[in-house]
Amino acid sequence: MKTKNEYLAIDVGSVAISLVLLNQDKEIIQTAYDFHEGRIAGKLIDMLSMFDLKRLCGVATTTSTPSFIKSSAVFDNRVSVISAIKTLHDKVGSILIVGGE
(Lines give C-alpha, C1' and ligand atoms only; values in the text may rest on other atoms or scores of the structure.)
Protein backbone atom coordinates (compact mmCIF):
# COMPACT_ATOMS: atom_id res chain seq x y z
CA MET A 1 0.00 0.00 0.00
CA LYS A 2 1.32 3.44 -0.94
CA THR A 3 1.87 5.98 1.82
CA LYS A 4 -0.41 9.00 1.67
CA ASN A 5 2.07 11.86 1.77
CA GLU A 6 1.05 14.32 -0.93
CA TYR A 7 -0.92 17.56 -0.72
CA LEU A 8 -3.07 19.23 -3.35
CA ALA A 9 -3.34 23.02 -3.40
CA ILE A 10 -6.24 24.59 -5.30
CA ASP A 11 -6.76 28.24 -6.19
CA VAL A 12 -9.86 29.24 -8.10
CA GLY A 13 -9.61 32.82 -9.24
CA SER A 14 -11.99 35.02 -11.19
CA VAL A 15 -10.75 33.65 -14.54
CA ALA A 16 -8.56 30.60 -13.92
CA ILE A 17 -7.84 27.55 -11.75
CA SER A 18 -4.37 26.69 -10.45
CA LEU A 19 -3.47 23.29 -9.02
CA VAL A 20 -0.21 22.24 -7.35
CA LEU A 21 0.63 18.77 -6.05
CA LEU A 22 3.34 18.78 -3.37
CA ASN A 23 5.08 16.07 -1.38
CA GLN A 24 5.75 16.23 2.35
CA ASP A 25 9.12 17.90 1.67
CA LYS A 26 7.33 20.79 -0.13
CA GLU A 27 8.70 19.66 -3.49
CA ILE A 28 6.42 20.34 -6.46
CA ILE A 29 5.34 17.11 -8.13
CA GLN A 30 2.85 18.42 -10.67
CA THR A 31 1.08 21.65 -11.61
CA ALA A 32 -1.82 22.70 -13.80
CA TYR A 33 -3.29 26.05 -14.79
CA ASP A 34 -6.26 26.71 -17.06
CA PHE A 35 -8.98 29.27 -17.69
CA HIS A 36 -12.36 28.10 -16.37
CA GLU A 37 -14.58 30.37 -18.54
CA GLY A 38 -17.18 30.37 -15.75
CA ARG A 39 -17.41 26.54 -15.71
CA ILE A 40 -15.53 26.09 -12.45
CA ALA A 41 -16.79 22.63 -11.46
CA GLY A 42 -16.46 21.12 -14.94
CA LYS A 43 -12.99 22.56 -15.54
CA LEU A 44 -11.79 21.46 -12.10
CA ILE A 45 -12.98 17.89 -12.76
CA ASP A 46 -11.16 17.90 -16.11
CA MET A 47 -7.97 19.21 -14.52
CA LEU A 48 -8.08 16.79 -11.58
CA SER A 49 -8.35 13.85 -13.98
CA MET A 50 -4.71 14.55 -14.96
CA PHE A 51 -3.55 13.94 -11.35
CA ASP A 52 -3.00 10.70 -9.42
CA LEU A 53 -4.87 11.51 -6.20
CA LYS A 54 -4.42 8.15 -4.44
CA ARG A 55 -1.57 9.44 -2.26
CA LEU A 56 -3.32 12.59 -1.03
CA CYS A 57 -3.26 13.26 2.69
CA GLY A 58 -4.67 16.77 2.46
CA VAL A 59 -6.19 19.47 0.28
CA ALA A 60 -5.63 23.20 0.76
CA THR A 61 -7.51 26.01 -0.93
CA THR A 62 -7.28 29.77 -1.06
CA THR A 63 -9.97 32.06 0.28
CA SER A 64 -11.15 32.84 -3.26
CA THR A 65 -11.96 29.17 -3.91
CA PRO A 66 -15.71 28.43 -3.84
CA SER A 67 -16.96 26.65 -0.72
CA PHE A 68 -18.32 23.66 -2.68
CA ILE A 69 -14.68 22.53 -2.94
CA LYS A 70 -13.95 20.85 0.39
CA SER A 71 -10.48 21.23 1.86
CA SER A 72 -8.41 20.41 4.93
CA ALA A 73 -7.21 24.02 5.22
CA VAL A 74 -8.01 27.45 3.74
CA PHE A 75 -5.37 30.15 3.28
CA ASP A 76 -5.49 33.83 2.37
CA ASN A 77 -4.49 34.35 -1.27
CA ARG A 78 -1.80 36.95 -0.63
CA VAL A 79 -0.33 35.12 2.35
CA SER A 80 -0.19 31.97 0.21
CA VAL A 81 1.81 33.73 -2.51
CA ILE A 82 4.19 35.33 -0.02
CA SER A 83 4.77 32.05 1.84
CA ALA A 84 5.37 30.10 -1.38
CA ILE A 85 7.86 32.64 -2.66
CA LYS A 86 9.74 32.73 0.65
CA THR A 87 9.94 28.92 0.62
CA LEU A 88 10.92 28.48 -3.04
CA HIS A 89 12.91 31.68 -3.75
CA ASP A 90 14.52 32.95 -0.57
CA LYS A 91 16.38 35.83 -2.25
CA VAL A 92 13.33 37.64 -3.67
CA GLY A 93 13.18 41.26 -2.52
CA SER A 94 9.69 42.25 -3.69
CA ILE A 95 6.49 40.73 -5.04
CA LEU A 96 3.93 42.19 -7.44
CA ILE A 97 0.57 40.42 -7.16
CA VAL A 98 -1.81 41.01 -10.08
CA GLY A 99 -5.26 39.44 -10.07
CA GLY A 100 -7.30 38.45 -13.09
CA GLU A 101 -9.99 41.07 -12.58
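Before looking up any residue, I wrote down that buried means under 20% relative accessible area, exposed means over 50%, and partly exposed is whatever falls in between. I also noted that what I have in front of me is a predicted model.

Entry on Val20. I looked up Val20 and found that this residue lies in strand S2. Its relative accessibility is 23%, and because that value falls between the two cut-offs, I entered Val20 as partly exposed. Setting aside the neighbours within four places in sequence, I listed the residues in contact with Val20, which are Tyr7, Leu8, Ala9, Ile28, Gln30 and Thr31. I then checked Val79, which is 59 residues from Val20 in sequence, and read a C-alpha to C-alpha separation of 16 Å in space.

Entry on the strands. Strand S2 covers residues 16-23 and strand S3 covers residues 28-35, and I found the two paired in the antiparallel sense over seven bridges. Following the pairing, I saw that Leu19 stands opposite Ala32 in S3. What do S2 and S3 form, and how many residues lie between them? I noted a hairpin with four residues between the strands, and in the turn I found Lys26 with a positive phi of about 65°.

Entry on Ile97. I moved on to Ile97, which lies in the segment after helix H2, the helix of residues 77-88. Its relative accessible area is 43%, so I entered Ile97 as partly exposed by the cut-offs written above. Ile97 also helps to make a nonpolar surface patch of about 360 Å², together with Val81, Ile82, Val92 and Ile95.

Methods
Residues are numbered from 1 along each chain as its sequence is written. This is a predicted model: local features need pLDDT of at least 70, side-chain atom pairs count only at pLDDT 80 or more; totals for chains, interfaces and linings use all residues. Side-chain values use heavy atoms; hydrogens and water are left out. Two strands pair if DSSP finds at least two bridges between them. Buried means under 20% relative accessible area, exposed over 50%, partly exposed in between (1.4 Å probe, protein chains only). Contact means heavy atoms within 4.5 Å. Patches are made of residues with over 30% relative accessible area and no salt bridge: like charges are joined within 9 Å, nonpolar side chains (Val, Leu, Ile, Met, Phe, Trp, Tyr) within 5 Å. Accessible areas come from the Shrake-Rupley method with a 1.4 Å probe; for residues, only the protein chains shown count as cover. A salt bridge is a side-chain nitrogen of Lys or Arg within 4 Å of a carboxyl oxygen of Asp or Glu.
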